[in-house]
Every structure is written in C-alpha cells, then in structure tokens.
Amino acid sequence: MNEIEQRIAELNKLLHEYGHAYYVLDNPIVPDAVYDQLLNELIALEKENPSLIYPDSPTQRVGGTPLQGFKKVTHAFPMLSLSNAFNELDLRDFDRRIRQAIGDDFSYVCELKIDGLAISLRYEDGIFVQGATRGDGVVGEEITANLRTIRSIPLRLKEPVTIEVRGEAYMPKKSFEALNQSRQEKGLELFANPRNAAAGSLRQLDPKIAASRNLSTFIYAIGGDGEAYGIDSHAEMLDYLETLGFPSNKERKFCETIDDCIAFINMWTENRPNLAYEIDGIVIKVNRYAHQDELGYTAKSPRWAIAYKFPAEEAITTVLDIDLT
Ligand SMILES: NC(=O)c1cnc(OC2CCCC2)nc1N
C-alpha cells in the first residue's frame, strides 16, 4: 500500500472506532472537532482518489440522488408482532400459561418497548447491504439509503458475519421538539409524536432529509435462528449484538419471576419521563431459547413474549391544548 492508501485505510479505521464510541456507546473518545477534522481529511483524500473510496466509508452514509420510490422486500424471516398486556391480571395470565407449558424453572428478560419504527437490517460478511421497514411482517419497504444515514447503524460489523437483525428506529425527544419548532417557524404541519416523525423521516425519498432528522436505533433481535451463532438465550443474544457493534438498549433487566417484571414495569412507569426517547411499554421475554422453542408461536406472535402497554396519555392534555381565547 502506498502512503495515500495507508492514510485512507487508517482514517476509515479511526472514524469507525470514534463513530461507534460516540453514536453507539454514547461515550465519545475524541472531541467532535477532532472527529470532524479527520472526516474532512478523508473527504478530501477520497475526492482526489475516488477509486479508494470504501463502500462502508463514513463519508458514504448520506447517499446520492433521491429515489423514485421504495422497492418491496420480502423478509427472510417474518417480523413478528407482540401480543399485549394492559394490566397485572394479563401479566399473571401470561406467566401462568408459560408455567403450565414449561414448568417453573425459567426466567425472563424485561426491556423497554421503544416507541419507534420496526426495521430489519441485513449484513453480508459484516457489511450493511440492505435495510427495510417491517411492513406487514412479511413484506416491507427497502429503505437502505435512509438507514445508512443513521449514525448508530454500523456500516461494518466488528466480525465479518452474515446476519439479519431487527430493531427500532426512533427520534429522540429533543430532536422531535427541535424539528417541530423549526416546522412551526416555517408554517409546516407538525408531527404528532416522535414515532410519526421517525416514520415520516424514513419514508422520505431523499436520504439528505433522513440524514437531517437525527434518528437513532436500538437493535433487539436476530432474525431467524439465534442458535446458529452459538447463542442459547435472549440475554446472550443482546450481548452478542453489542460485541458486533450494534446499539442495544442498556435498560434491560434479568427477572426471575413475574413479580420482578411487575416491579420493573412500576419503576419505568415512574421513570419514563426522564428517558431521552419515547417508550410505549415494557417487553417481557422468556430468556432461554430452549424454552422459547417449546412455547412456540401463534400465527403472528411468539408465545414466549408479551408487551405490557402503558395506559394512553391522559386525554386532559388535548383538552388543555384547545385555544380557549
Ligand atoms: N419496540 C421494542 O422495543 C421491541 C419490539 N419488539 C421486540 O421483540 C420482537 C422480536 C421478538 C418478538 C417481538 N422487542 C422490543 N424491545
């Protein structure tokens, strides 16, 4: 490798590492100015040597021309939906059904239910090759160009694995407020909530618009058979996703009993306003894959998971919003 090739390789490596620390671990290792200076150096070198542009270079996140439309994608593994629980009785029914099926020797993992847009990401030999919306669970829309603009989605994994993962794309509360503020100033229609804003941003045909919306993601599942990666439980799978370089939500909790899950739900019912992003519930999953396989699936949902949904926001807020003058 000549000097320029070496420098371009080094800049790609450094910017991947710094970008992962900043956008995935939320723990920057260099000041923004240093990151920007290295990125500008890479942009300049790539401009002079276009044949040396890596497909997964950080400069390639914001694609070129706007699309004419979105292609349809059939998911290799259907994207399942979660059945819902609305109160303690529903949760205890869920727990009882599981104990009737597999006995008492099992545990749960509880995680925050991110209120965003379900997405599927496919990687071949560690390179991000395709991203899609959930759609109807079987067929979604191909939105690769828009997903590439999300800095927390790695363009290259830390291992050269071929894998399909699922997660939630979301807009942080602060970005939502800033976006609506700027839309208000421009006399544009406001987004009703961060979920609609995230969905609207990912449905844009021009990736530059998605890139401007400061979206992020949490990845929470491997499509298909997790055992293929030597994993035996949901908790191990989330740790494995982190070692590959994916952002996974750290507010998850290992729970031995449904009472522990209910305590987790009560804690987050209180703490929810302090989160930087919207959640609409808590997802409870049986941890071990052997137990998940025993419990199986209904037509559209796993029997080993349930989503406790928070009560809808009090209607009173909409009444107060009415202009009383
Ligand atoms: N919105 C969420 O945060 C969320 C959604 N879905 C799932 O699980 C899927 C995958 C296995 C069953 C349903 N987990 C989540 N945390």
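How far is a nitrogen atom of the ligand from an N or O atom in the side chain of E111? Keep that one in mind for a second, everyone. One thing up front: what you see here is a predicted model.

Okay, so the E111 answer is 2.8 Å, from a ligand nitrogen to a side-chain N or O atom. Next door in sequence, L112 joins in through its backbone, with an N or O atom 3.3 Å from a ligand oxygen. And then there's K285, whose side chain puts an N or O atom 2.9 Å from a nitrogen of the ligand. On its own, the ligand would expose 390 Å², and the protein buries 90% of that.

Where does the ligand sit? The space taken by the ligand is the largest pocket. Two elements give two or more residues to the shell around the ligand, β3 (108–114) and β10 (279–286). Of the elements, β3 gives the most, with four residues. If you want to find the shell on screen, look for residues including L82, I114, E168, Y220, V283, P302 and W304. By type, the shell splits into seven nonpolar and four charged residues, with no polar ones.

Now let's zoom out to the sheet. Five strands make up an open sheet, and the order is β2-β11-β10-β3-β9, with mixed pairing. β2 (84–85) and β9 (253–255) are at the edges with a single partner strand each, so one side of each has no neighbour in the sheet. In general, strands of a sheet pair through backbone hydrogen bonds, and that can be parallel or antiparallel.

So which sense do we get for β2 and β11? They pair in the parallel sense, over two bridges, with β11 covering residues 305–309. If you'd like a landmark there, A85 stands opposite Y308 in β11.

Notes. Residues are numbered from 1 along each chain as its sequence is written. This is a predicted model: local features need pLDDT of at least 70, side-chain atom pairs count only at pLDDT 80 or more; totals for chains, interfaces and linings use all residues. Side-chain values use heavy atoms; hydrogens and water are left out. A residue is near a molecule or strand if one of its heavy atoms lies within 4 Å of it. A polar contact is a pair of N or O atoms within 3.5 Å; within protein, one must be able to donate a hydrogen and the other to accept it, and residues adjacent in sequence count only if both atoms are side-chain atoms. Accessible areas come from the Shrake-Rupley method with a 1.4 Å probe; for residues, only the protein chains shown count as cover. On a 1 Å grid over the protein atoms alone, a cavity is a set of points where a 1.4 Å probe fits but cannot get out, and a pocket is an open set with protein on both sides within 12 Å along at least five of seven lines; lining residues have an atom within 4 Å of a point. A molecule sits in a cavity or pocket if more than half of its atoms lie within 2 Å of its grid points. Ala, Val, Leu, Ile, Met, Phe, Trp, Tyr, Cys and Pro count as nonpolar, Asp, Glu, Lys and Arg as charged, and the others, Gly among them, as polar. Two strands pair if DSSP finds at least two bridges between them.
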